[in-house]
Amino acid sequence: MLLLNPGPVTLSERVRQSLLQTDLCHREPEFFDLQDEARKRLVAAYELDPAQWSAVLMTGSGTAAVESMIAGLVPNGGRLLVVENGVYGDRIAQIAKQYGIEHEVVKYEWMQAPDTDAIVARLDADTFTNVAIIHHETTTGRLNDIAALSRACASHGIGLLVDAVSSFGAEAIDFSDGGIAAVAATANKCLHGVPGAAFVIVRRDALAKATSRTYYLGIARLAQLQDARNTPFTPSVHAYYALVEALREFEDEGGWHARHRRYADLAEQVRAGLATLGIESALPPGESSVVLRAYRLPAGVTYEILHDALKAKSFVIYAGQGGLSKELFRISTMGAVDKDVMNRLITSVGELLR
Ligand SMILES: *Cc1c(COP(=O)(O)O)cnc(C)c1O
């Protein structure tokens with residue numbers, strides 16, 4: 001199968017083979033070497049200074065990392081402003097609610113961009129310790145502008161918490177202006193690993209003030225033990241094998257800049273190919289990520305018809321979420337897929353429409 005859904009991704013042969021390494025106990029030095037290498041490579045992915053930034057690993061899907069970040073990094077008595085323009089922004093609001101974190105949600109229509117000026121006006125008018133936003137809102141493929149918000153957070157002394165689950169490794173993230181306190185992401189999206197390992201890249205000064213609201217996902221304890229070549233629980237050892245191999249491959253292929261260019265080429269190829277078949281992008285390409293794009297279902301073709309016809313040809317596409325499920329379908333460019341795969345995809349869609 002060729003996975004064109006937003007993770008898990010089609011694996012490269014190199015990453016797939018890495019799963020077949022020797023059985024490994026997570027209390028042996030070989031495991032801690034693996035853990036150290038993963039953490040080091042994650043910090044290096046955006047050329048961050050390890051003296052200022054730490055990568056904290058955990059076993060779970062991307063949501064585990066987001067939950068660890070929100071529950072751990074909003075201080076006790078703190079106040080969080082959640083920016084929502086899709087499913088994943090809504091999920092952060094639910095996490096805040098679950099932990100009894102005082103929060104306010106600024107909501108936008110799922111097809112809309114957040115209004116940064118209005119958000120900054122809220123920060124001027126009231127007191128918040130943190131802002132949370134989704135970098136790439138996978139619901140629609142929209143790339144939210146986090147750079148302007150990050151600068152505003154820096155000038156207000158507010159820690160910006162970023163869900164970069166579907167952008168880390170392929171889209172630009174500016175960590176240098178002092179606004180971003182942490183980003184949460186996962187092994188099995190733009191990094192091309194397998195599900196089971198997730199992580200938070202966190203500024204060490206924010207980590208030093210972390211709370212212990214949550215047990216399993218407690219970021220301070222995870223970091224402390226990992227720094228001491230230890231781990232509180234049994235990690236997904238095989239997912240770590242794959243993450244480390246995927247990060248080596250990521251470096252060999254030229255890092256996030258190269259991955260961005262590769263995805264951008266594939267995304268444009270798909271957009272142009274579908275456009276010749278009369279299928280329109282849901283958002284202007286300039287507002288979308290290169291990681292995933294949403295398209296309008298052609299007249300008279302339901303998602304189920306399109307999905308099943310493509311699956312019969314080994315392509316797994318992805319439905320729209322929530323209210324968008326009747327209107328949209330989504331195509332991701334993540335994973336070991338190339339131009340040839342996308343050409344065959346477009347040909348298959350063309351055959352179905354004929
Ligand atoms: C995939 C994704 C998540 C996490 O989903 P999991 O199923 O828990 O891995 C969170 N945020 C965004 C933006 C995502 O795309």
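Where is Pro 8 found? In this predicted model, Pro 8 sits in the loop that runs between strand S1 (2-3) and helix H1 (13-18). That spot deserves a look, since the peptide bond from Gly 7 to Pro 8 is cis, with omega near -5 degrees. As a bit of background, most peptide bonds are trans, and most residues other than glycine have a negative phi. Keep the second half of that in mind, as it comes up again further on.

Let's step back and take in the whole chain. There are 12 helices and 14 strands in it. The radius of gyration is 20 Å, close to the 20 Å that the globule rule gives for 354 residues, so the chain is as compact as a globular protein of that length. Measuring along the principal axes, the C-alpha trace spans about 60 × 55 × 30 Å. Of the 354 residues, 57% are buried. Now look at how the chain folds back on itself: among contacts with a separation of 6 or more, 72% are between residues 24 or more positions apart.

What about the outside? The chain exposes about 14,200 Å², and 51% of that comes from carbon and sulfur atoms. As for charge, you'll count 34 positive and 42 negative side chains, with the centres of the two sets lying 2 Å apart.

Next, follow the chain to helix H3, which covers residues 62-73. Its 12 residues reach 16 Å from the first C-alpha to the last, close to the 16 Å expected at 1.5 Å a residue. Of those 12 residues, 10 are buried, so H3 is largely enclosed by the rest of the structure. Among the buried ones are Gly 62, Ala 64, Ala 65, Val 66, Ser 68 and Met 69, and the run Ile 70, Ala 71, Gly 72 and Leu 73 also belongs to the list.

A little further along you meet Arg 79, in strand S3 (residues 79-84). Is Arg 79 buried or exposed? Its relative accessibility is 18%, and buried means under 20%, so Arg 79 counts as buried. Setting aside neighbours within four places in sequence, Arg 79 is in contact with a mixed set of residues, including Glu 102, Glu 104, Arg 122 and Asp 126. Val 74 and Phe 128 are on that contact list too, along with Thr 127, Thr 129 and Asn 130.

Another buried residue to find is Ser 236, in the loop between helix H8 (219-227) and helix H9 (237-252). Ser 236 has a relative accessibility of 17%, which puts it in the buried class. Not counting residues up to four places away in sequence, Ser 236 touches Thr 59, Gly 196 and Ala 197.

Now back to phi. Glu 47 has a phi near 50 degrees, a positive value in a residue other than glycine. You'll find Glu 47 in the loop between helix H2 (29-44) and strand S2 (53-60), and it is exposed, with a relative accessible area of 70%. Ser 314 also has a positive phi, about 80 degrees, although it is not a glycine. Ser 314 lies in the loop between helix H11 (303-311) and strand S12 (315-316); with a relative accessible area of 30%, Ser 314 is partly exposed.

Just ahead of H11 is another loop worth a stop, the one that joins strand S11 (292-296) to H11 and holds Ala 299. Ala 299 counts as exposed, at 79% relative accessibility. Between Ala 299 and Ile 279 there are 9.2 Å in space, C-alpha to C-alpha, while the two are 20 residues apart in sequence. Thr 302 is in the loop between S11 and H11 as well, and counts as partly exposed at 38% relative accessibility. Thr 302 and Gln 321 are 19 residues apart in sequence, with 14 Å between their C-alpha atoms.

Finish at helix H12 (residues 339-353). At 1.5 Å a residue, its 15 residues should span 21 Å, and the end C-alpha atoms are indeed 21 Å apart. Which residues of H12 are buried? They are Val 341, Met 342, Leu 345, Ile 346, Ser 348, Val 349 and Gly 350. A helix rule helps in reading such a list: an α-helix has 3.6 residues a turn, so residues three or four places apart point the same way. The cover over the buried residues of H12 includes S1, helix H10 (255-276), H11, S12 and strand S14 (328-332).

Notes. Residues numbered from 1 in each chain as written. Heavy atoms only, no water. Helix = DSSP H or I, 4+ residues; strand = E, 2+ residues; numbered from the N terminus. Rg over C-alpha atoms; globule rule 2.2 N^0.38 Å. Buried < 20%, exposed > 50% of the residue type's maximum accessible area, 1.4 Å probe, protein only. Contact = heavy atoms within 4.5 Å. Areas by Shrake-Rupley, 256 points an atom, 1.4 Å probe, with all protein chains shown as cover. Lys, Arg positive; Asp, Glu negative; His and termini not counted. Charge placed at Lys NZ, Arg CZ, Asp CG, Glu CD. Expected span 1.5 Å × (residues − 1).
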